[in-house]
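Here are some short exercises to work through with the model open beside you. Try each task before reading its solution.

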Amino acid sequence: MAKFKYVATDKEGRELSGVVESTSESRAKRDLAAQGLTVQRVAEVAVQGAGKVAARKPKKALIGTGVTKENVTVFSRQLATLLKAGLPLLRSLEVISRQEKNPYFKTLLDQVADNVRTGNKFSEGLAQHPKVFDRLYVNMARAGEASGKLDVVLDRVATFQEKAMKTTNKVKSAMVYPIVIMTVAIVIVVILMIFVIPQFQSIFADMLGGAKMPALTQSIIDISDFMRDHYIATIGIVVAVVVAIKLFFKTKVGHKTWDILALKTPKIGDMMLKTTVARFTRTFGTLLSSGVPILEALKITQGTISNSLISNALERVHDRVRDGEPLAGPLEQQKIFPTMVTSMVEVGEETGQLSEMLNRIADNYDEEVDNSVGAMTSIIEPIMIVFLAVVVGTIVVALFLPIIQIIQSLTGG
């Protein structure tokens with residue numbers, strides 16, 4: 001007799017999967033129907049070696065190119081809603097895939113549905129696409145499957161993703177103004193250097209009659225001549241500097257230097273710390289409330305933190321908790337997390353409501369991030385204006401110095 005892997009739903013709409021022995025596929029369907037099951041899929045499985053059953057291999061993972069975080073967030077919310085409405089998982093995936101407008105994500109969802117259809121777990125299908133569904137997402141789905149509350153977990157995932165996107169968008173919005181000012185400053189300097197200064201250079205040469213120009217003016221003119229006569233080399237130098245800086249910050253020393261600067265810079269450091277704390281508590285709390293063990297939750301959360309100082313601190317906290325210590329003590333000893341965070345974590349541990357307390361901390365720090373973004377913007381605006389004034393003002397002063405020198409020579413004559 002052959003073995004067939006099936007996916008079916010019972011009378012209450014719950015999705016079931018397993019392996020059944022039968023003489024043919026049609027007979028297997030009849031046997032399952034006789035048990036009161038509604039058959040969705042039956043597929044024969046191969047037999048390896050000494051009777052080992054091997055399920056059909058999942059399709060090759062699709063690269064996550066073209067799939068945005070918004071796509072994943074909307075998918076999580078839709079799937080949670082359909083599952084709460086009583087629709088089976090496979091049917092829910094098919095419905096969402098059918099209405100998906102993004103062709104890349106639609107293909108990916110079809111592959112996940114195929115994995116479920118052939119008897120694999122939903123989390124296993126997600127794990128085949130790590131560029132779209134990260135370790136955090138896969139582990140929460142796995143916890144939801146184990147607890148039988150996949151709809152609840154997916155609802156938490158969607159809420160987590162929506163709040164994370166909201167915080168990220170606020171930080172990005174705060175950076176728009178300085179980027180615009182910096183771009184304007186660069187464009188103005190390039191125009192002055194390439195088009196304006198050469199005109200003044202010829203005027204000064206005639207009026208000074210070969211006399212030496214002021215040092216600042218001569219320096220600006222030399223830079224202008226180099227940019228105009230060697231524009232390819234100028235572009236190459238700029239690109240080389242940018243690439244060198246990026247490569248440096250990708251090294252271990254450079255990454256650590258950047259992380260220290262990010263936390264130590266006034267206002268910006270405060271905003272970065274609050275943003276990271278909000279992300280840490282939100283991620284950690286969501287994992288715990290979804291049934292992920294605390295050590296695994298700490299490890300996953302550590303992987304979502306980009307700042308190496310805080311990530312290393314969480315690694316030390318993980319090791320201490322693994323050795324049997326409560327969470328609040330190691331967190332406080334790291335001297336990074338604010339006192340309010342460690343105090344509320346301690347209360348959460350004592351009352352047995354750690355996940356709820358972590359989510360409250362995250363809510364509080366989301367509001368703090370709003371205030372920090374406003375404060376940072378108010379500081380950045382005058383700084384960027386002063387920066388622009390200094391850059392352009394230096395060039396203007398350099399152009400006026402020869403005029404002053406000419407006036408003084410005429411007055412003296």
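Buried means under 20% relative accessible area, exposed over 50%, and partly exposed in between, with a 1.4 Å probe and protein chains only. The model is predicted, so local features need pLDDT of at least 70 and side-chain atom pairs count only at pLDDT 80 or more, while totals for chains, interfaces and linings use all residues. Residues are numbered from 1 along each chain as its sequence is written, and side-chain values use heavy atoms, leaving out hydrogens and water.

**Exercise 1.** Find where K335 is located, and decide whether K335 is buried or exposed.

*Solution.* Start with the location: K335 sits in the loop between α14 and α15 (339–351). Helices here are DSSP runs (H or I, at least four residues), numbered from the N terminus. Next, take the accessibility: K335 counts as exposed because its relative value is 74%. Finally, check the backbone: the phi of K335 is positive, near 60 degrees, although the residue is not glycine. For background, most residues other than glycine have a negative phi.

**Exercise 2.** Work out which parts of the chain are linked by the salt bridges of E94 and E296.

*Solution.* A salt bridge needs a side-chain nitrogen of Lys or Arg within 4 Å of a carboxyl oxygen of Asp or Glu. E94 meets R117 at 2.7 Å, N to O. This pair links distant parts of the chain, with E94 in helix α3 (residues 89–99) and R117 in helix α4 (residues 103–117), 23 residues apart. R117 counts as buried, at 18%, whereas E94 is partly exposed, at 25%.

Now turn to E296, whose side chain meets that of R135 at 3.3 Å, N to O. E296 belongs to helix α12 (residues 294–304) and R135 to helix α6 (residues 135–147), so this pair ties together parts 161 residues apart in sequence. E296 is partly exposed at 29%, and R135 is partly exposed at 45%.

**Exercise 3.** Locate V345 in the nonpolar interior and list what V345 touches.

*Solution.* A nonpolar core is a set of buried Ala, Val, Leu, Ile, Met, Phe, Trp, Tyr and Cys residues joined through side-chain atoms within 4.5 Å. The largest has 59 residues, and V345 is one of those that touch the most other members. Leaving aside residues up to four places away in sequence, V345 touches L327, A328, L331, L354, M357, L358 and I361, where contact means heavy atoms within 4.5 Å. Apart from this core lies another, of 14 residues, including V189 and F204.

Technical notes: Helix = DSSP H or I, 4+ residues; strand = E, 2+ residues; numbered from the N terminus.
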